[in-house]
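Work through the exercises below with the coordinates open. Each task is followed by a stepwise solution.

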Amino acid sequence: MLINDLAKKIENWLQEQIKDRDARGFVVGLSGGIDSAVTAALCRNVCPETTFGVIMPCYSNTEDAQHAELLAKSIGIEYETIKLDKPFAEMVKLLTGEDYNPEKKDLVVANIKPRLRMTTLYYFAARRQSLVVGTGNRSELTVGYFTKHGDGGVDLLPIANLVKKQVVELARFLEIPAPIIDKPPSAGLWEGQSDEKEMGITYEELDRYILTGQAEDRVRKRVDDMAMKSLHKKQLPAMPPL
């Protein structure tokens, strides 16, 4: 499918979602990365006046917030910055009895960040009678590379059927600023985090396995293991069959 046809198909789907759910617009968390940039641009094309971006730094790389602001201004959407450092630090202190130490790179603690962001997005969505739009792509969803009830807690996932390289192609078509397209993908859970380093495989390897079923044994085992261990993230809560 041509890239312009792909963009139009997703935008038509977003238009249907707005109508079917009787919503006024979209709320998108802007991380400064390519996935949220593409998602926000698609939403803007459907609802230019009622797509709202939220920038939520939380002990984050300052460049990420700068890129998020660059994106919001370049596509012309309304946005607000909500700093989550203080509530996050208080939550960590409450739960662990210790001050937050980013040097520990504790994933259990770091996952509080996307859950605070989810709460923030739903506040704005309720106030604006809007839908929370997630930024997960097919590559990440396949291996469960997202936080349950964090960035996985959304109403819509418009780029969920695109692997990472397709997201990059769409970003170029949508004229996303180059610094956002070219930066290494990161979930931003701590300073210097890299998606590919944490997963242990590259997006190129992951995309190839998803699209063709072909991969080195090392890649195949890693992807299959991650997919199996994260299966619970994609399931509804279990209920007894009474």
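**Exercise 1.** In this predicted model, classify Phe 124 and Phe 52 as buried or exposed, then describe how their rings pair.

Solution.
- Step 1: Phe 124 has a relative accessible area of 10%, which is under the 20% cut-off, so Phe 124 is buried.
- Step 2: Phe 52, at 2% relative accessibility, also counts as buried.
- Step 3: Five aromatic pairs are counted. For Phe 52 and Phe 124, the ring centres are 5.3 Å apart and the planes meet at 45 degrees, so this pair is tilted.
- Step 4: Phe 52 belongs to strand β2 (residues 51-55) and Phe 124 to helix α6 (residues 112-127), so the pair ties together parts 72 residues apart in sequence.
- Step 5: Ring pairs link Phe 52, Tyr 123 and Phe 124 into a cluster.

**Exercise 2.** Describe the largest nonpolar core and find which element gives the most to it.

Solution.
- Step 1: The largest nonpolar core holds 36 residues, and Phe 26, Leu 30, Val 38, Leu 42 and Ile 176 have the most contacts inside it.
- Step 2: Elements supplying at least two residues each include α1 (3-20), β1 (25-29), α2 (34-46) and α8 (164-173).
- Step 3: α2 gives the most to this core, with eight residues.
- Step 4: Apart from this core lies another of 16 residues, including Phe 52, Leu 84, Ile 112 and Ala 125.

**Exercise 3.** Locate the lysines placed over the rings of Phe 88 and Tyr 203.

Solution.
- Step 1: Over the face of Phe 88 lies Lys 113, 5.5 Å from the ring centre.
- Step 2: Over the ring of Tyr 203 sits the charged end of Lys 164, 4.9 Å from the ring's centre.

Conventions: Residues are numbered from 1 along each chain as its sequence is written. This is a predicted model: local features need pLDDT of at least 70, side-chain atom pairs count only at pLDDT 80 or more; totals for chains, interfaces and linings use all residues. Side-chain values use heavy atoms; hydrogens and water are left out. A nonpolar core is a set of buried Ala, Val, Leu, Ile, Met, Phe, Trp, Tyr and Cys residues joined through side-chain atoms within 4.5 Å. Buried means under 20% relative accessible area, exposed over 50%, partly exposed in between (1.4 Å probe, protein chains only). Helices (H or I, at least four residues) and strands (E, at least two) are DSSP runs, numbered from the N terminus. Rings of Phe, Tyr and Trp (its six-membered ring) pair if their centres lie within 6.5 Å; planes under 30 degrees apart count as stacked, over 60 as edge-to-face and the rest as tilted. A charge sits over a ring if NZ of Lys or CZ of Arg is within 6 Å of the ring centre and within 35 degrees of the ring normal.
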